[in-house]
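Me: I'm new to reading structures and I'd like a close look at one part: the helix packing. Could you start with the overall picture and then zoom in, step by step?

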Amino acid sequence: MTITPEPTTTTATPLPAWFRHDRFGMFVHWGLYALPARHEWVMNEERIPTDQYEKYARYFEPDLYDPRAWARSAREAGAKYIVLTAKHHEGFCLWDSALTDYTSVHTPAGRDLVREFVNAVREEGLRVGFYYSLLDWHHPDFTIDGHHPRRDDSTEEIEALNAGRDMSRYREYLHGQVRELLTNYGQVDYLFFDFSYENDHHQPVWGAKGASDWGSEELMAMARELQPGIVINDRLDIPGDVVTPEQYQPDRPMEVNGREVAWEACQTINGSWGYFRDNSNNKSADLLVRMLVDGVSKNGNLLLNVGPTGRGNLDPVAVRTLSEIGDWMTLHSRSIYGAGASAFQAPADTRYTQRGNRLYLHLFAWPFEHIHLPGLAGKVEYAQMLNDASELTFREIAPDLQAFNTGMGGQPAGTLTLTLPVVRPNVAVPVI
Ligand code: H79
């Protein structure tokens, strides 16, 4: 007997409306790497053996952990969802997993930190996301590969080690842990897996792992069964719901196989995801706002990262940056939430976002008094500044008129010219 195969569950499901609408989320990278405080890849970069790295677990005592404060900072910045690293590549788990002792419960913290996180996030009215690392540099069955801290051991040592390692056992562990996270913590809105490297042609790595190592089809099906409506990212080496460029701003709406897809850029404040004490390469709130706007102008989201310290609090730079973004969002979030790309072509140093029939012009450089907007003549009923609703007057060269005949000088037919305040208002972005 032949049967029609069941439709695969891994084709992207319709994306829940909140994801595109909300546009802005906060990423939280927190784990043992907050203690060395020199990048979350420190175990790998410094080839730290497992038994030495475990020392950080003995000193993990986050007495200032207050996820309500994280969530409040996120909400006040305008973020609508928070994604927490339940487990990063180091393998340490922030929840009470029955499948390992390498968890926050078995540290001086002595408790399930994910539980407190989800409660706090929901109390602040935000959506809950989990990051789960597919790589695991602590698990005894995860085979040594070119991304593993022991990658520089001799070939003989690596072969001997890998002979005793069994990826099918690791796969069971991975599926079991994801099952725990999606079963024991109520509604989970977003799952960010990280990452596959089998088909990474930019950076070929020996022993690279992908969909067959993770059991990606099965994993995704399980996640959707446990949490209908969950958004799943694209790093399982099979198609997901959202494409996730990392520390990279796409130059146009993203496409996969010629079809536009939802995307979310994840970005750091200072180049490191985990807390990095000696790094002061901080992006300004102004730059981060422009990155958010740039993304929305191309139908993308921004997932902005913070890396809390080993004591559990956000560092002052993160707090200040989020607060400044919040100042801008208070006045301008109408151009972000529910907005996306416009069909109009924005002039140099500007971006358009559009929500329904509202077109928002974001000026990345403040011109002198006038900005010329090709193609908008005859299309605009009213123009105003967004920050204070003050009217902006404008002149138009009708599309059917010859250029050079209006006194404005040199603008092509169809151009609308706005008259701006000479001095840029404090946090202003004009709207037309
Ligand atoms: O969790 C964050 C990163 O740790 C993880 N994904 C985000 C969300 C990630 N970053 N990079 N990668 C995964 C791919 C690997 C990049 C590498 Fe490297 C380049 C590994 C070694 C060189 C970056 C630079 C990490 C260590 C040095």
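Reply: Sure, but one term first: the radius of gyration here is taken over C-alpha atoms, and the rule for a globule is 2.2 Å times the number of residues to the power 0.38. Keep in mind that this is a predicted model. With 432 residues, that rule puts a compact globule near 22 Å, and the protein chain comes out at 24 Å, so the two agree. If you'd rather think in box dimensions, the C-alpha trace spans about 80 × 60 × 40 Å along its principal axes.

What is the chain built from? It has 12 helices and 16 strands. As for burial, 41% of the 432 residues count as buried. Now look at the contacts between residues with a separation of 6 or more: 69% of them join residues 24 or more positions apart.

Time to zoom in on the helices. Start with H8, residues 167–183, and H10, residues 216–226: their axes are 10 Å apart and the packing angle is about 15°. Angles under 35 degrees count as roughly parallel, and therefore H8 and H10 are roughly parallel to each other. Their crossing is right-handed. On the H8 side, the contact uses His175, Val178, Arg179, Leu182 and Thr183, while H10 brings Leu219, Met222, Ala223 and Leu226. Sort those residues by class and you get six nonpolar, two polar and one charged.

Next, swing over to H12, which runs from residue 316 to residue 332. Its axis and the axis of H11 come within 9 Å and cross at roughly 55°. That angle makes H11 oblique to H12. Like the pair above, this one has a handedness you can check on screen: H11 passes H12 in a right-handed crossing. Who touches whom? Ala285, Leu288 and Val289 of H11 meet Thr321, Glu324, Ile325 and Trp328 of H12. By class, that contact has five nonpolar residues, one polar and one charged.

Stay on H11 for a moment and find Asp286. This residue sits in H11, which covers residues 285–296. Is Asp286 buried, exposed or something in between? To be buried, a residue needs 20 or more other C-beta atoms within 10 Å of its own, and 12 or fewer would make it exposed. Asp286 has 13 such neighbours, so it counts as partly exposed. Measure along the sequence and Asp286 is 39 residues from Ile325, yet their C-alpha atoms are 7.6 Å apart in space.

Ile325 is handy for the next step too, since it is among the H12 residues that meet H5. The axes of H5, residues 67–77, and H12 come within 7 Å and cross at roughly 35°. From H5 come Ser73, Glu76 and Ala77; from H12 come Val319, Leu322, Ser323, Ile325, Gly326 and Met329. Split by class, that makes five nonpolar, three polar and one charged. H12 therefore takes part in two of the contacts on our tour, one with H11 and one with H5.

For a last stop, step off the helices to Arg38, which lies in the loop between strand E1 (24–28) and helix H2 (42–45). Arg38 counts as partly exposed because it has 17 C-beta neighbours inside 10 Å. Its C-alpha atom is 8.2 Å from that of Asn279, though the two residues are 241 apart along the chain.

Technical notes. Residues are numbered from 1 along each chain as its sequence is written. This is a predicted model: local features need pLDDT of at least 70, side-chain atom pairs count only at pLDDT 80 or more; totals for chains, interfaces and linings use all residues. Helices (H or I, at least four residues) and strands (E, at least two) are DSSP runs, numbered from the N terminus. Two residues are in contact if their C-beta atoms, placed from the backbone, lie within 7 Å. Axes are lines fitted to C-alpha atoms, for helices over the stretch in contact, and angles run from 0 to 180 degrees between N-to-C directions. Angles under 35 degrees count as roughly parallel, over 145 as roughly antiparallel, 65 to 115 as roughly perpendicular and the rest as oblique. A crossing is left-handed if the near helix is turned anticlockwise from the far one by less than a right angle, and right-handed if clockwise. Ala, Val, Leu, Ile, Met, Phe, Trp, Tyr, Cys and Pro count as nonpolar, Asp, Glu, Lys and Arg as charged, and the others, Gly among them, as polar.
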